[in-house]
Amino acid sequence: MATIFPPDGEEPEMPGPAILDPSPLSIPDYRYYWIARFTAVMATIAVVVVIGYQLYDTARTDYGMTIKEASFQLGLLGLVQFVPIALLTPVAGWAADRFERRSVAIFSNAIDFGIAVVLGWFTWTDGLTLNLLFGLAAMHGVARVFSGPAMSAIAPNIVPPAILPRAIAMSSIAWQSASVIGPAAGGLIYAAHPTSVYIFAAILLVISAWTISRVRPVLPPPAEVRRHPLREMVDGLQFVWSERFLLGTITLDLFAVILSGATAMLPVYARDILHVGSEGLGLLRAAPAVGAAVVALGLAIRPIERNVGVKMLWAVAVFGAGTVAFGLSTNLLLSLALLVLMGAADMFSVFVRGTLIQLNTPDHMRGRVSAASGLAISASNELGEMRAGAMAAALGPISAVVVGGAAAIGVTALWAWLFPELRRARTFEARFDMGD
């Protein structure tokens with residue numbers, strides 16, 4: 001359940017408060033940012049989908065593993081991506097608050113570009129091994145941990161606060177539409193010519209790096225006193241811990257998705273349950289993004305304004321219920337429909353959470369708070385994959401998905417009780433002095 005934001009490029013005239021609800025796309029910097037987000041997400045998701053399929057297929061074919069054993073390898077794939085994210089999150093948040101944020105984003109694109117080149121070469125030469133795939137997945141985790149905080153911290157600096165919710169929704173359209181096209185394109189291109197998918201991704205990453213470079217420089221906010229880097233990293237984590245509202249918002253997604261994450265099991269469903277191959281895997285990975293894109297478009301046109309906290313909680317509960325139903329389905333069309341529903345619920349939750357976090361965080365802390373949020377998102381996704389893989393190894397993939405979805409519903413109810421601040425969040429207005 002991850003959130004990201006959009007871009008732009010020449011010297012913009014930032015709309016003043018006298019302008020009523022201008023479109024974020026009327027700001028040149030935002031347009032470039034939007035394109036950079038779209039192309040980077042399309043490239044990286046296409047690569048991640050193919051890596052998962054290649055790893056599962058390699059484990060089954062070249063290593064002779066059973067379905068349960070290969071499913072566990074998919075769980076390990078999530079874990080190796082999470083480890084660098086967990087270790088480097090404080091560094092990445094500090095970098096986003098200390099250095100020029102475009103440069104940090106371009107640095108992450110360069111890492112993913114190198115990964116695409118290496119994977120393309122070893123796919124071409126038929127030299128893939130599990131260790132190689134695990135190693136490159138870990139490098140992708142490094143790229144992600146630096147990209148997320150930098151890109152998230154750019155968005156509030158290139159649009160006025162009044163239209164930030166619309167900007168977040170429109171950037172989600174970029175992310176979700178890329179999430180629709182990327183998996184489908186990746187699966188189809190891989191089926192036609194395996195190496196070509198990595199050439200496709202490398203080209204998109206070059207485009208992304210160029211367009212984000214066109215955004216006007218987003219310098220780190222000035223600080224009255226520069227502390228030791230480690231002290232500043234700790235400050236970001238302490239800020240999130242001390243603000244119960246932010247803590248509840250971030251950890252809700254963390255624990256719900258750790259328990260209900262089903263993405264790691266999609267290669268299993270594609271190959272051995274639904275029997276639809278890599279092309280079908282592309283459709284399965286794209287389906288949630290279809291639902292998410294529709295919701296994001298609706299929110300961009302008409303953002304919600306009332307009872308935002310309660311609606312976020314209900315969205316997470318629906319996500320868990322959809323996961324249960326998907327786990328039990330053996331019909332491709334029904335499975336796709338349920339994934340669309342899950343994506344729609346996820347997008348709704350992502351929109352509310354992302355807007356609340358951005359509007360309730362002072363600018364000089366945005367990089368570090370975005371990093372903490374990104375760590376929770378990554379922990380939920382990657383550790384959720386590890387949880388699913390380990391449970392699938394013990395109980396089978398279907399039970400792993402069903403039990404996880406049911407547990408996510410329970411977490412939602414528990415968080416509504418533990419953090420009444422979430423239920424009481426009526427609007428997106430800041431809940432403390434932003435000048436702190």
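What percentage of the contacts in the chain with a separation of 6 or more is accounted for by residues 24 or more positions apart? The share is 86%, where contact means heavy atoms within 4.5 Å.

**Figure 1. Overview of the predicted chain.** This is a predicted model, in which local features need pLDDT of at least 70 and side-chain atom pairs count only at pLDDT 80 or more, whereas totals for chains, interfaces and linings use all residues. Residues are numbered from 1 along each chain as its sequence is written, and side-chain values use heavy atoms, with hydrogens and water left out. The chain has 15 helices and 0 strands, taken as DSSP runs numbered from the N terminus (H or I of at least four residues for helices, E of at least two for strands). Of the 436 residues, 60% are buried, a term for a relative accessible area under 20%, with exposed used for over 50% and partly exposed for values in between (1.4 Å probe, protein chains only).

**Figure 2. Packing of helix α8 against helix α11.** Helix α8 (residues 244–260) packs on helix α11 (residues 308–328) at an angle of about 5 degrees, and their axes are 11 Å apart; the axes are lines fitted to C-alpha atoms over the stretch in contact, and angles run from 0 to 180 degrees between N-to-C directions. The two helices are therefore roughly parallel, the class for angles under 35 degrees, as opposed to roughly antiparallel (over 145), roughly perpendicular (65 to 115) and oblique (the rest). From α8, Thr-249, Leu-252, Ala-256 and Ser-260 make the contact, and from α11, Met-312, Leu-313, Val-316, Phe-319 and Thr-323. By class, this contact has 6 nonpolar, 3 polar and no charged residues, with Ala, Val, Leu, Ile, Met, Phe, Trp, Tyr, Cys and Pro counted as nonpolar, Asp, Glu, Lys and Arg as charged, and the others, Gly among them, as polar.

**Figure 3. Surroundings of Thr-412.** Thr-412 lies in helix α14 (residues 397–418) and is buried, with 5% relative accessibility. Leaving aside residues up to four places away in sequence, Thr-412 touches Leu-252, Leu-313, Val-316 and Ala-317.

**Figure 4. The second largest cavity.** The structure holds 6 cavities of 30 Å³ or more, each being a set of points, on a 1 Å grid over the protein atoms alone, where a 1.4 Å probe fits but cannot get out. The second largest contains about 120 Å³ of space, a volume filled by probe spheres set on grid points that are joined across faces, edges and corners. Among its lining residues, which have an atom within 4 Å of a point, are Val-48, Leu-74, Leu-77, Gln-81, Arg-285 and Glu-385. At least two lining residues come from each of α1 (28–61), α2 (67–98) and α10, and the lining divides into 7 nonpolar, 3 polar and 2 charged residues.

**Figure 5. Ala-137 in helix α4.** Ala-137 is placed in helix α4 and is buried, at 2% relative accessibility. Its contacts, not counting residues up to four places away in sequence, are Leu-77, Val-80 and Gln-81. Although Ala-137 and Leu-77 are 60 residues apart along the chain, their C-alpha atoms are separated by 7.0 Å.

**Figure 6. Two loop residues with positive phi.** Most residues other than glycine have a negative phi. Asp-126, in the loop between α3 (101–124) and α4 (130–158), has a positive phi of about 55 degrees and is exposed, with a relative accessible area of 70%. His-275, in the loop between α9 (266–273) and α10 (277–301), has a positive phi near 55 degrees and is exposed, at 58% relative accessibility.

Conventions. On a 1 Å grid over the protein atoms alone, a cavity is a set of points where a 1.4 Å probe fits but cannot get out, and a pocket is an open set with protein on both sides within 12 Å along at least five of seven lines; lining residues have an atom within 4 Å of a point.
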